Amino acid sequence: MISQQVRLIDVLRLPTVLLSLDSKSLYQIITEARYLSLLGQLKKTCVRNEIWQDLPLFFQQQLISGFHSYEKQKQSLEFEHQELTKQLHGILPSWRYIRGSALQLSEVEAFSGRVKNNIEILISKSFVDAVLQQLLNNGWRYKHITDYEETFYCRWSQQTTPLVHKERRTELAIHYHLLPKTLIHKLKEAPLLHHHTSPSVAHPATLLSPDAMVLHQAIMLFNQVDFHHGLRDIYDLNLQFQHYGQQRLFWHNLIQLHQQIGKDSSLYLALSLCHELFDLPIPSNMQHFLNQSQYQRAIFWLYKERFTEVINNAFPKHQNSNYRFAVKSLRFRGRLKRMPIYAIVPHIIKRSVLNLMPHEEDEEIIY
């Protein structure tokens, strides 16, 4: 075995490379996977590629510990779902789990191992006040944030101020729109809600349909300002393309849905980067559809290196001046997407000052 400069992205692209690494390199992969919240998914990747039994015991043990974290988190999510079902009975007939919560409740084996940051649900705006009142009266409180951050949520976000359970410390994000407010004026979110799936473990809640789930996650990934979990998020999309892409109508439905929501480059970016990073095969009908847009090809050409930089090099050991430039550039692009130009400079100044101040343990940091 030899010592190589192999990164986690290389392992996710070609898991068998692990079999050629020495102990030092394997420990480096473990450290990077833990930092980027990918330990549990790395275990499933090794099992799926039939190399698990050939890996050193110490490496298996570390990945198993990461997978146990996922299992505990999923058990916690199922418990919190039962609690929400009891507390919201008679107030809210149903809700939808989105993003990481949806992946954990999807009952798809390919997504197991994926940890999440919080529980995210989508409800109709007309129910927000009643739901908040009920939860605040039953053990939940608002997350510690500054007055300015409260204003930020009210003006530019698609969700309420996050809630934290006083005893269990679980964080709950209540969305009343799927897309940030500034994107709602450019994109139609209603088509994303036309269909849903209903796994029994989530009853009476539902999940977005596979095509809507993929497209929503792509839009959120490429319109955000924080890419700390960029590798995990693009890997999520790669796994979903691989899994759902086997369904007969998935690609057809995805094309139709993309046409219905309006002009957006996120799907092009997601598929192109998954192809570049993980050798994702793209069906001919989807490739033909993507090639029709000169604008989207231009966006990919313009931002390809920067997205690749922040995804490949999020681990501190790999960061350099190119990474820092890419982060600043994409953060500014994200702000342009999520708030009007006139608000950006004041936001940057206020955010910089506020983030220099001492924060509570669970206090939100706005980028």
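**Rings and a sheet: a walk through one model**

Hi everyone, let me start with two phenylalanines: Phe-222 and Phe-307 are both buried. Please keep that pair in mind, as I'll come back to it. What you have in front of you is a predicted model, so a word on confidence comes next.

Across the chain the mean pLDDT is 89, and 87% of the residues reach at least 70. Which elements mark the two ends of the confidence range? Helix H7, residues 147-156, has the lowest confidence with a mean of 55, while strand S1 has the highest at 98. Then there is the stretch 362-367, where pLDDT stays under 50, although the model gives these residues 33 contacts beyond four places in sequence. Where pLDDT is low, the predicted coordinates should not be read in detail.

Now the overall picture. The chain contains 16 helices and 7 strands. Of its 367 residues, 57% are buried. Among contacts with a separation of 6 or more, 68% are between residues 24 or more positions apart. The accessible surface is about 17,000 Å², and carbon and sulfur atoms supply 52% of that.

On to the strands. The 7 strands make one open sheet with mixed pairing, and the order across it is S3-S4-S5-S2-S1-S7-S6. At the edges are S3 (140-142) and S6 (196-197), and each has a single partner strand, so one side of each has no neighbour in the sheet.

Let's zoom in on S2, residues 119-122. How do S1 and S5 run relative to S2, parallel or antiparallel? S1, residues 96-97, is antiparallel to S2 and joined by 2 bridges, with Arg-96 opposite Leu-122. S5, residues 171-175, is parallel to S2 over 4 bridges. In that pairing, Ile-119 faces Leu-172 and Ile-121 has Ile-174 as its bridge partner. As for side chains, Ile-119 and Ile-121 point one way from S2, Glu-120 and Leu-122 point the other way, and all of them are buried. Yes, that includes the glutamate, Glu-120.

Now for the aromatics. The model has 13 aromatic pairs. In one of them, Phe-67 and Tyr-70, the ring centres are 5.2 Å apart and the planes meet at 50°, so the pair counts as tilted. Both residues belong to helix H4, which covers residues 57-87, and they are 3 residues apart, about one turn of the helix. Phe-67 is buried, at a relative accessible area of 12%, and Tyr-70 is buried too, at 7%.

And here is the pair from the start. The ring centres of Phe-222 and Phe-307 are 5.0 Å apart with the planes at 85°, so this pair is edge-to-face. Why does the pair tie together separate parts of the sequence? Phe-222 is in the loop between helix H9 (210-221) and helix H10 (230-244), whereas Phe-307 is in helix H14 (294-312), so the parts it joins are 85 residues apart in sequence.

There is also a cluster: ring pairs connect Phe-111, Phe-241, Tyr-244, Phe-250 and Trp-251.

Last, two lysines over rings. Lys-43 lies over the face of Phe-67, at 4.8 Å from the ring centre, so we meet Phe-67 again, the partner of Tyr-70 in that tilted pair. The other is Lys-263, whose charged end sits over the ring of Tyr-295, 4.2 Å from its centre.

That's my tour. Thanks for listening!

Technical notes: Residues are numbered from 1 along each chain as its sequence is written. This is a predicted model: local features need pLDDT of at least 70, side-chain atom pairs count only at pLDDT 80 or more; totals for chains, interfaces and linings use all residues. Side-chain values use heavy atoms; hydrogens and water are left out. Buried means under 20% relative accessible area, exposed over 50%, partly exposed in between (1.4 Å probe, protein chains only). Contact means heavy atoms within 4.5 Å. Accessible areas come from the Shrake-Rupley method with a 1.4 Å probe; for residues, only the protein chains shown count as cover. Two strands pair if DSSP finds at least two bridges between them. Rings of Phe, Tyr and Trp (its six-membered ring) pair if their centres lie within 6.5 Å; planes under 30 degrees apart count as stacked, over 60 as edge-to-face and the rest as tilted. A charge sits over a ring if NZ of Lys or CZ of Arg is within 6 Å of the ring centre and within 35 degrees of the ring normal. pLDDT is the predictor's confidence in each residue, from 0 to 100.
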